[in-house]
Amino acid sequence: MSRVYNFSAGPAVLPEEVLKEAAAEMLDYQGTGMSVMEMSHRSKAYQRIIDEAEADLRELMRIPDNYKVLFLQGGAHQQFAMVPMNLMKNKVADYIITGQWAKKAWKEAQLYGKANAIASSEDGTFSYIPDCTDLPISGDADYVYICENNTIYGTKFHNLPDTKGKLLVSDVSSCFLSEPVDVSRYGIIYGGVQKNIGPAGVVIVIIREDLITEDTLPGTPTMLKYKTHADNGSMYNTPPAYGIYICGKVFKWLKRQGGLEAMKEYNEKKAAILYDFLDRSKLFKGTVRKEDRSLMNVPFVTGDKDLDAKFVKEAEAAGFVNLKGHRSVGGMRASIYNAMPIEGVEKLVAFMEEFEKNN
Ligand SMILES: *Cc1c(COP(=O)(O)O)cnc(C)c1O
């Protein structure tokens with residue numbers, strides 16, 4: 001068996017320990033004589049799995065009691081619609097456009113009401129986070145929406161916007177559990193798990209209880225109401241059972257690493273190795289304004305398309321895979337999520353130094 005260093009933006013690297021545990025339990029989960037994949041979601045064994053997953057997530061993120069945790073399907077994309085369908089009481093919302101994901105969410109919200117783009121960094125190819133200290137927040141806005149870590153462009157909100165008292169909704173798909181957050185500052189935090197937590201197919205929604213109501217936009221399907229899922233412990237229908245089980249294992253792994261404070265420290269250390277190199281390299285350079293750099297996704301270029309392609313190819317042959325930048329921006333991107341070991345980043349930098357010498 002030989003494992004590569006996988007810098008994919010998502011689906012992405014998972015902790016080896018978790019994969020080994022899952023493999024060991026594949027045929028017989030804790031004496032049940034079956035795989036979790038084969039198990040009724042109404043069974044006692046499965047109820048324990050989802051309850052423990054929720055409890056561990058609550059502990060890791062210190063989620064206040066007046067927030068519900070929902071394990072849903074449909075990816076982040078489905079939340080682009082669920083958020084307005086459930087929260088747009090005045091049919092007005094303000095969006096901060098910091099990349100493709102925020103833009104898609106904003107476009108989707110336009111199907112349901114007035115969605116205003118109140119700030120954008122598109123003028124700089126989304127290479128920075130706009131100033132959000134004094135935004136033109138709409139008086140009747142139902143919420144303000146952000147994409148907290150911009151997976152494609154490698155920027156991160158290091159300070160939350162001043163929403164002037166309006167509800168904040170945040171897509172945290174690519175920074176979920178990478179550092180501690182103050183949940184009480186948000187109305188909704190949500191993310192697909194396939195970036196930093198588990199296998200594709202699960203999206204986690206952390207939602208303040210008073211936002212869960214029957215008062216949704218007319219025609220909202222039952223499956224797209226937060227209330228449906230909140231009232232049924234995320235088991236109104238068959239949940240993505242196996243995916244949730246793996247997420248639960250990752251939560252336990254994170255607890256063993258020392259929780260989110262420890263993860264933040266580790267992630268900062270990892271990212272600094274790569275950013276410090278980019279700052280001193282004469283060949284490679286980062287594409288993001290320094291103060292807005294993401295800890296999770298690190299885009300960089302040589303400035304020469306052919307050389308970029310050569311680098312990606314040689315890196316792959318050396319066991320550093322999925323370094324090609326998003327198809328919309330080109331260049332390279334190293335996604336260095338929680339499960340990427342520090343050795344992976346150290347070795348990548350050593351490889352980049354060698355490449356620089358030879359080119
Ligand atoms: C990957 C990603 C998405 C899209 O996720 P899907 O699960 O494919 O819907 C949305 N937002 C962010 C920040 C992402 O990184």
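Here is a walk through the fold, from the two domains down to a few odd residues.

This is a predicted model, in which local features need pLDDT of at least 70, side-chain atom pairs count only at pLDDT 80 or more, and totals for chains, interfaces and linings use all residues. Residues are numbered from 1 along each chain as its sequence is written, and side-chain values use heavy atoms, with hydrogens and water left out.

Let's start with the overall layout. The protein splits into domain 1 (5-16 + 258-358) and domain 2 (18-256), with bounds that come from an automatic or database domain assignment. Their C-alpha centres sit 26 Å apart. Across the boundary, 33 residues of domain 1 are in contact with 38 residues of domain 2, where contact means heavy atoms within 4.5 Å.

Now for the sheets. Helices (H or I, at least four residues) and strands (E, at least two) are DSSP runs, numbered from the N terminus, and two strands count as paired if DSSP finds at least two bridges between them. One open sheet has 7 strands in the order β2-β10-β9-β8-β5-β3-β4, with mixed pairing. Its edge strands are β2 and β4, each pairing on one side only. From one strand to the next, the twist averages 20 degrees; axes here are lines fitted to C-alpha atoms, for helices over the stretch in contact, and angles run from 0 to 180 degrees between N-to-C directions.

Take a closer look at edge strand β2 (residues 67-72). Of its 6 residues, 5 are buried, so β2 is largely enclosed by the rest of the structure. Buried means under 20% relative accessible area, exposed means over 50%, and partly exposed is in between (1.4 Å probe, protein chains only). β2 pairs with β10 (residues 203-208) in the antiparallel sense over 6 bridges, and the bridge partner of L72 in β10 is V203. Elsewhere in this sheet, β5 and β8 run parallel and are joined by 4 bridges, with Y145 opposite V169 in β8.

Helices lie across this sheet too. Helix α2 (residues 44-61) crosses β2, β9 and β10 at about 130 degrees to β2. Helix α4 lies across β3, β4, β5 and β8, running at about 160 degrees to β3. In α4 (residues 100-109), W101, A102, A105, W106 and A109 are buried. They cover an arc of only 140 degrees around the axis, which puts them on the same side of α4; the arc is that of the directions from the helix axis to the C-beta atoms. What covers these buried residues of α4 includes α3 (75-87), β3 (92-97), β4 (114-120), β5 (144-147) and β8 (168-171).

There's a second sheet to find: an open, antiparallel one with 3 strands in the order β11-β12-β14. The edge strands are β11 (285-286) and β14 (332-335), each pairing on one side only. β12 (residues 297-301) and β14 pair over 4 bridges in the antiparallel sense, and N297 has S335 in β14 as its bridge partner. Helix α7 (residues 259-280) packs on this sheet, touching β11, β12 and β14, and its direction makes about 20 degrees with that of β12.

What about the interior? A nonpolar core here is a set of buried Ala, Val, Leu, Ile, Met, Phe, Trp, Tyr and Cys residues joined through side-chain atoms within 4.5 Å. The largest such core has 88 residues, of which M61, I204, I206, F251, F284 and F311 touch the most other members. Helix α6 (residues 241-256) gives the most to this core, with 10 residues. The core draws at least three residues from each of domain 1 and domain 2. A second, separate core of 37 residues includes L70, Y95, Y190 and I212.

Finally, a few backbone oddities. Most residues other than glycine have a negative phi, and most peptide bonds are trans. The peptide bond from G10 to P11, though, is cis, with omega near -10 degrees, and P11 sits in the loop between β1 (5-6) and α1 (16-24). L177 has a positive phi, near 65 degrees; this residue lies in the loop between β8 and β9 (188-192) and is buried, with a relative accessible area of 3%. N322 also has a positive phi, about 65 degrees, although it is not a glycine. N322 is in the loop between β13 (320-321) and β14 and is partly exposed, with a relative accessible area of 43%.
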